[in-house]
Amino acid sequence: MSNLFQTYGRWEIEPASAQGSWMTDINGKKYLDFTSGIGVCNIGHRPEKVQQAVLEQINQYWHVSNLFTNSKQEEAATKLATAAGMDRVFFANSGAEANEGAIKLARKATGRTKIITFLNSFHGRTFATMSATGQDKIKHGFGPMLEKFVYVPYNDLEAVKAAIGDDVAAVMLEVVQGEGGIHVGDQSFLQGVEALCKEHGAQFIIDEIQTGIGRTGKPFAFQYFGLTPDIVTSAKGLGSGFPIGAVIGREHLSEYFGPGSHGSTFGGNPVSIAAAIATMNEIFHSELLEAVQEKGKYLVEQIQNNLSDVPFIKEVRGLGLMIGIECDQAVAPLLSELRNQGLILLQAGEKVIRLLPPLTVTNQEIDEAVKILAAVIKNSDAVKA
Ligand code: PLP
């Protein structure tokens with residue numbers, strides 16, 4: 001019997017080591033990892049610069065509390081705020097905590113409580129973030145949720161218009177819905193939501209926990225759409241696997257997060273901050289980001305070229321290296337066979353295969369992954385049937 005709560009449907013692979021895009025299990029079998037630890041190890045497993053920064057920090061100290069002056073936290077905040085074109089940062093430990101902070105900040109700044117979010121969104125597993133999430137399966141058995149969350153269909157500006165008023169604290173969205181199935185927001189929808197927020201004095205919160213830190217080929221995905229959100233949240237890729245989350249806000253919000261208003265014992269932990277600084281140094285420059293855009297296009301093209309004749313594939317879509325293959329049936333059996341053949345992928349919802357390779361993936365690795373994907377899909381019972 002396991003002593004773990006069985007909250008995860010675990011795969012029968014136990015990693016022994018990992019480097020770059022590759023993982024080796026305890027039996028010596030090699031896998032191409034196109035999950036990046038669910039969008040976390042954005043510059044691959046064990047990037048040298050991050051490893052060095054973490055080791056250096058561990059040799060100095062690894063926890064002192066947020067009561068001390070901390071120039072490394074300042075440096076990380078400056079890099080993150082600059083990359084987002086924003087002003088202030090609060091460091092937490094995870095994506096859910098970052099969103100929790102964003103929700104608190106928006107409510108306090110506006111003195112309002114109602115928050116509009118979207119169907120199929122995912123914002124986390126704490127009470128506020130579960131309440132913000134527009135998927136019933138996440139909330140099952142945990143009710144009642146936090147009050148005053150309203151859910152409207154994604155990419156439907158008329159629905160936002162109908163729901164918004166001068167009682168709304170915030171509209172919160174993902175620019176590309178990740179867990180909900182890799183749905184990319186339309187430019188007119190996203191800009192329309194921002195305009196409605198401005199019109200009604202609501203805060204515009206963008207959850208960049210999965211889309212941020214270079215995943216889509218920009219530091220943050222909202223930068224493709226000419227948006228100026230009030231609050232952006234980050235986590236996952238920010239620490240390359242060391243736990244960290246961040247609320248990034250504009251200056252007009254700083255007075256609402258003053259001393260004693262919000263906090264976290266571990267938030268902005270020195271080791272995670274060291275990892276985050278090294279990660280941002282590696283990712284936030286144009287060569288890497290342009291390469292992500294190119295590789296994303298190449299990966300989509302390769303999937304389309306090799307799988308265009310497979311009838312159960314409905315659509316290939318995404319932004320940068322955040323890609324979904326929508327199928328007309330459940331993809332779990334395919335993903336299991338792909339793992340047997342040495343390629344690890346994710347699902348997003350029941351019918352979408354999700355690819356989140358490291359941003360450092362090579363074209364040869366993409367070719368190899370697509371070769372395995374095509375062979376497994378073409379041999380699957382779904383295709384033969
Ligand atoms: N928001 C988005 C868009 C996510 O994809 C996730 C995690 O998948 C979260 C929030 C929650 O992050 P965490 O699991 O770090 O709490």
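A residue counts as near a molecule or strand if one of its heavy atoms lies within 4 Å of it. This is a predicted model, in which local features need pLDDT of at least 70 and side-chain atom pairs count only at pLDDT 80 or more, while totals for chains, interfaces and linings use all residues. Residues are numbered from 1 along each chain as its sequence is written, and side-chain values use heavy atoms, with hydrogens and water left out.

**Exercise 1. Describe the surroundings of the ligand.**

Step 1. Start with the shell: 13 residues surround the ligand, and the closest are Gly95, Ala96, Asp207, Gln210 and Lys236.

Step 2. Sort the shell by class (Ala, Val, Leu, Ile, Met, Phe, Trp, Tyr, Cys and Pro count as nonpolar, Asp, Glu, Lys and Arg as charged, and the others, Gly among them, as polar). You should find 3 nonpolar, 6 polar and 4 charged residues.

Step 3. Look for polar contacts (pairs of N or O atoms within 3.5 Å). Polar side-chain atoms of Lys236 and Glu179 lie 3.2 Å and 3.5 Å from an oxygen atom of the ligand. With Phe122, a polar backbone atom is 3.3 Å from a nitrogen atom of the ligand.

Step 4. Finish with the cover: of the 390 Å² of accessible area (Shrake-Rupley method, 1.4 Å probe) that the ligand has on its own, the protein covers 81%.

**Exercise 2. Compare the linings of the cavities.**

Step 1. Search on a 1 Å grid over the protein atoms alone for cavities (sets of points where a 1.4 Å probe fits but cannot get out; lining residues have an atom within 4 Å of a point). The whole structure yields 2 cavities of 30 Å³ or more, a volume being the space filled by probe spheres set on the points, which are joined across faces, edges and corners.

Step 2. Take the largest cavity, with a volume of about 60 Å³. Its lining includes His63, Asn70, Gln73, Phe266 and Pro270, and divides into 3 nonpolar, 9 polar and no charged residues.

Step 3. Turn to the second largest cavity, of about 30 Å³. Gln57, Tyr61, Asn70, Lys72, Gln73, Pro270 and Ile273 line this cavity. Helix H3 (71-84) and helix H9 (270-283) are the elements that give two or more residues to this lining; helices are DSSP runs of H or I with at least four residues, numbered from the N terminus.

Step 4. Classify the lining of the second largest cavity: 3 nonpolar, 3 polar and 1 charged.

Conventions. Polar contact = N/O pair within 3.5 Å; in protein donor to acceptor, adjacent residues only side chain to side chain. 1 Å grid on protein atoms, 1.4 Å probe; cavity = no way out; pocket = protein on both sides within 12 Å on 5 of 7 lines; lining within 4 Å.
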